[in-house]
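Visitor: I would like to learn how to read the features of a model like this one, step by step. Could you take me through it, with the general idea before each case?

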Amino acid sequence: MDLYSVVTEHKWILEALYTLIIFSICMVIVLKTDRFFRLSFHNGIRYFRNAFLFFGFGFLARYLFGFSEQFSIAVKIMFEYFLIMAGFFLFYSLIWKKFASTEEHSSLFNSKIIIFHLMAITLAVIDGLWQTYNLMFFSQIIIFAYTSIISFVNYIKKSGKYKFLKFYFIGMLLVLSAWVLNFLAASVFNWNPIILINIGIINVIFFFLFLYGVIKATK
Amino acid sequence: MTSKKRERLEVIRDILNTIKQNREIKPTRLLYASNLSPQMFKEYINELIAKEFIKLEISDNEKKTFTLTKKGNDFLQEYKIIENFVENFGL
């Protein structure tokens, strides 16, 4: 029996473990960065923290979606909304200074973030009604393509002094590739389990990479 | 983009360090030491007071001085780590 057969046979246990690992990593990152935000009131840290809070909730909702039949559309909309918002928050954490103003008292609901909320809800609801994932895939591929470019520029500018910028860029490429593979798995390969397993592995590597970065940078 | 943000954190660090070194300092002396325009200085000071990093004390003879709070002192202690985190993640 090969690895992929084992994974497919124990799908629900591994799904639970996968969700638990990612949710736990996200919460550790949220707690660590929240402490630094409360000390510095730095908006970049605040949006970065929000991104991982939404990633955590997104993966939790994704897991519940697998069980929920009666409320499946509502749970699907919820998990898409959280994951889309996580992508938006991570993207915004890199560009917030271009749009910063003094009246942003809340990072979850302010004049800029409300646009992301509206976009995320619209995309998630349309995907829910159409019984598809395409709008989530497209939005995340676009967002992470931009984020990859920004992180590459950051890496080129300051890689000598700040070592994690290289891994941040690699992390963005990993997430981008995961979203592209998700899109291909859904549209071309009929949810091929081998592709899905590889997406799961890429996601776990990405979250461990960022956990490592957060722990190392805040040590 | 990144340098502007680092400057902001550095300005905050410098203001807090100046207050710490002097234990208490008059607004005019702090303004000179901060090397900021009066308007920018006012914005930073208001922000630091709002965040409870510094405290404005007024004596009986209406002499105003700034002092560092525990929160401000904590910020200074962890400044390097915060800066390191912000720069490593391009925030």
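Guide: Let us begin with a helix and its length, bearing in mind throughout that this is a predicted model. Helix α3 of chain B, residues 38–50, has 13 residues, and the distance from its first C-alpha to its last is 18 Å, close to the 18 Å expected at 1.5 Å a residue. After α3(B) comes B:E52, whose phi is positive, near 65°.

Visitor: How far apart are the end C-alpha atoms of α4(B), and what span should its 19 residues have?

Guide: The expected span is 1.5 Å times one less than the number of residues, so the 19 residues of α4(B) should span 27 Å, and the end C-alpha atoms are indeed 27 Å apart, which agrees. The end-to-end figure should be read together with the local geometry, for α4(B) bends by about 60° at B:E78. Beyond this helix lies B:G90, with a positive phi near 60°.

Visitor: Which residues of α4(B) are buried?

Guide: The general idea is that an α-helix has 3.6 residues a turn, so residues three or four places apart point the same way. In α4(B) the buried residues are B:G72, B:F75, B:I82, B:F85, B:V86, B:E87 and B:N88.

Visitor: How many residues of chain B are in contact with chain A, and which elements of chain B supply them?

Guide: In this interface 17 residues of chain B are in contact with 22 residues of chain A. On the side of chain B that touches chain A, α1 (2–22) and α4 (70–88) each supply at least two residues, and the largest share, ten residues, comes from α4(B). By type, that side of chain B divides into eight nonpolar, three polar and six charged residues.

Visitor: Let us turn to helix packing. At what angle do α5 and α6 of chain A pack?

Guide: Two packed helices are described by the angle between their axes and the distance between the axes. Helix α5 of chain A (residues 113–130) and helix α6 of chain A (residues 134–158) pack at an angle of about 145°, their axes being 8 Å apart. From α5(A) the contact is made by A:L123, A:A124, A:I126 and A:D127, and from α6(A) by A:N134, A:L135, A:M136 and A:S139. The residues of this contact divide into five nonpolar, two polar and one charged.

Visitor: Which residues of the largest nonpolar core touch the most other members?

Guide: That core has 77 residues, and those touching the most other members are A:A51, A:F82, A:I84, A:M85, A:A86 and A:F89. Helix α4 of chain A (residues 72–99) provides the largest share of this core, 17 residues. To follow one member outward, A:F89 is in contact with A:Y47, A:N50, A:A51 and A:F54, leaving aside its neighbours within four places in sequence.

Visitor: What should I make of a positive phi, and where does A:F41 lie?

Guide: Most residues other than glycine have a negative phi, and most peptide bonds are trans. A:F41, although not a glycine, has a positive phi of about 55°, and lies in the loop between α2 (11–40) and α3 (43–67) of chain A. B:E62 also has a positive phi, near 65°, in a residue other than glycine, and its place is in the loop between β2 (54–58) and β3 (64–68) of chain B.

Visitor: Why does B:E62 count as exposed, and why is A:F41 partly exposed?

Guide: The reasoning rests on counting C-beta atoms within 10 Å, where 12 or fewer make a residue exposed and 20 or more make it buried. B:E62 has 6 such neighbours and therefore counts as exposed, whereas A:F41 is partly exposed because 16 other C-beta atoms lie within 10 Å.

Visitor: How should I relate separation along the chain to separation in space, and how many residues apart are A:S159 and A:L123?

Guide: The two separations are best read side by side. A:S159 and A:L123 are 36 residues apart in sequence and 36 Å apart in space, C-alpha to C-alpha. For A:N43 and A:S111, 68 residues apart along the chain, the C-alpha atoms are separated by 14 Å. A:N43 is found in helix α3 of chain A, and A:S159 in the loop between α6 and α7 (164–187) of that chain.

Technical notes
Residues are numbered from 1 along each chain as its sequence is written. Chains are lettered from A and ligands numbered from 1 in the order in which they are written. This is a predicted model: local features need pLDDT of at least 70, side-chain atom pairs count only at pLDDT 80 or more; totals for chains, interfaces and linings use all residues. A nonpolar core is a set of buried Ala, Val, Leu, Ile, Met, Phe, Trp, Tyr and Cys residues joined through C-beta atoms within 7 Å. Helices (H or I, at least four residues) and strands (E, at least two) are DSSP runs, numbered from the N terminus. Two residues are in contact if their C-beta atoms, placed from the backbone, lie within 7 Å. Ala, Val, Leu, Ile, Met, Phe, Trp, Tyr, Cys and Pro count as nonpolar, Asp, Glu, Lys and Arg as charged, and the others, Gly among them, as polar. Axes are lines fitted to C-alpha atoms, for helices over the stretch in contact, and angles run from 0 to 180 degrees between N-to-C directions. The bend at a residue is the angle between axes fitted to the seven residues ending there and the seven starting there.
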